[in-house]
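Work through the exercises below with the sequence and the structure at hand. Each task is followed by a solution in steps.

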Amino acid sequence: MTAEPLERALDRHEHLMEPARFPGSGRLVLRTARESDLPELCRLDEEVFQEVAYPAFLLRQLYDMYAEHLLVLDEGEGHLRGYVLAATTGLSRDSWILGLCVTRDRRRHGLGRELMREILTRLRRDGVEQVRLTVEPANRAAILLYRSLGFRPEQPDDGLRRDYFGPGLDRQILRLELPRDH
Ligand SMILES: CC(C)(COP(=O)(O)OP(=O)(O)OC[C@H]1O[C@@H](n2cnc3c(N)ncnc32)[C@H](O)[C@@H]1OP(=O)(O)O)[C@@H](O)C(=O)NCCC(=O)NCCS
């Protein structure tokens, strides 16, 4: 949990032009990623995901396509402590969460939840109706977080997809329906 409530300085219609600050987490702001973040984003992705980190060229292209749905936790001076990335198909309005992480030293302070809440708010505002993601079946922390946000296994087989990322790399697919604004 955050030590203090998140200061809601952000204006959702301004795409986080005024970044959200996290008073309980030092000088940390949640904001949209910039092109100049890419080297640090790569470093962060490698720090957390190691051998399954995105190659730099792919992150670059994901940024080119999905920058408005790439949010970072900025500690200042270009140091990033987490990110979330969602990719949306233009035709069906379905979106996939392609990345979520918080650095080890910043975990269990509600930051992963805030990254997810903010991206879901934006996706819903932008007309997305369904969000999916894959998670390693043993990743209890992530699964508990996603389930607490309303994600549920996509049937059949309780969402389990064997060899999804190659031999032995099983994943569970979780899905969340976003209610439409009326
Ligand atoms: C998953 C991850 C992003 C969570 O970030 P976080 O900032 O630590 O999460 P939060 O503090 O917002 O926790 C939100 C909820 O997640 C669950 N959770 C998070 N970490 C947990 C842990 N270690 N054990 C059990 N539940 C955990 C809890 O339900 C928690 O709610 P609670 O604090 O009310 O109990 C972070 O652990 C991480 O970066 N892991 C490595 C990368 C990864 O696995 N990404 C997801 C790939 S699908």
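Helices are DSSP runs of H or I with at least four residues, and strands are runs of E with at least two, both numbered from the N terminus. The model is predicted.

**Exercise 1. Locate Gln 50 and state what sets its backbone apart.**

Step 1. Gln 50 sits in the loop that joins α1 and α2.

Step 2. Its phi is near 50°, a positive value in a residue other than glycine.

Step 3. Most residues other than glycine have a negative phi.

**Exercise 2. Determine how α1 and α2 are oriented, and which residues make their contact.**

Step 1. The two axes of α1 and α2 come within 10 Å and cross at roughly 125°.

Step 2. An angle counts as roughly perpendicular from 65 to 115 degrees and as roughly antiparallel over 145, with oblique in between. α1 is therefore oblique to α2.

Step 3. The crossing of α1 past α2 is right-handed.

Step 4. On the α1 side, the contact is made by Leu 38, Leu 41, Cys 42 and Asp 45. On the α2 side, Ala 56, Leu 59, Arg 60 and Tyr 63 take part.

Step 5. Sorted by class, the contact of α1 with α2 has six nonpolar, no polar and two charged residues.

**Exercise 3. Repeat the analysis for α3 and α4.**

Step 1. α3 and α4 pack at an angle of about 45°, and their axes are 11 Å apart.

Step 2. Roughly parallel would require an angle under 35 degrees. α3 and α4 are therefore oblique to each other.

Step 3. Their crossing, that of α3 and α4, is right-handed.

Step 4. α3 brings Gly 112, Arg 113 and Met 116 to the contact, and α4 brings Leu 145, Tyr 146 and Ser 148.

Step 5. The residues of the contact of α3 with α4 comprise three nonpolar, two polar and one charged.

**Exercise 4. Find what Tyr 66 and Ala 67 meet in space.**

Step 1. Tyr 66 belongs to helix α2, whereas Ala 67 lies in the loop between α2 (56-66) and β3 (70-76).

Step 2. Tyr 66 and Ala 86 are 20 residues apart along the chain, and their C-alpha atoms are separated by 7.1 Å.

Step 3. With neighbours within four places in sequence left aside, Tyr 66 is in contact with Leu 85, Ala 86, Ala 87 and Thr 88.

Step 4. Ala 67 and Leu 85 are 18 residues apart in sequence, with 8.3 Å between their C-alpha atoms.

Step 5. Under the exclusion of neighbours within four places, the contacts of Ala 67 are Thr 32 and Leu 62.

**Exercise 5. Describe the largest pocket and its lining.**

Step 1. The largest pocket holds about 1,600 Å³ of space. Its lining has 46 residues, and the closest to the centre are Leu 100, Cys 101, Asn 139, Ala 142 and Tyr 146.

Step 2. At least two lining residues come from each of α1 (38-49), β5 (94-102), α3 (111-125), β6 (130-135) and α4 (140-148).

Step 3. β5 gives the most to the lining of the largest pocket, with seven residues.

Step 4. By class, the lining of the largest pocket has 23 nonpolar, nine polar and 14 charged residues.

**Exercise 6. Which peptide bond is cis, and where is Pro 156 found?**

Step 1. The bond from Gln 155 to Pro 156 is cis, with omega near 10°.

Step 2. Pro 156 is in the loop between β7 (152-153) and β8 (160-161).

Step 3. Most peptide bonds are trans.

How values were computed:
Residues are numbered from 1 along each chain as its sequence is written. This is a predicted model: local features need pLDDT of at least 70, side-chain atom pairs count only at pLDDT 80 or more; totals for chains, interfaces and linings use all residues. Side-chain values use heavy atoms; hydrogens and water are left out. On a 1 Å grid over the protein atoms alone, a cavity is a set of points where a 1.4 Å probe fits but cannot get out, and a pocket is an open set with protein on both sides within 12 Å along at least five of seven lines; lining residues have an atom within 4 Å of a point. Grid points are joined across faces, edges and corners, and a volume is the space filled by probe spheres set on the points. Ala, Val, Leu, Ile, Met, Phe, Trp, Tyr, Cys and Pro count as nonpolar, Asp, Glu, Lys and Arg as charged, and the others, Gly among them, as polar. Axes are lines fitted to C-alpha atoms, for helices over the stretch in contact, and angles run from 0 to 180 degrees between N-to-C directions. A crossing is left-handed if the near helix is turned anticlockwise from the far one by less than a right angle, and right-handed if clockwise. Contact means heavy atoms within 4.5 Å.
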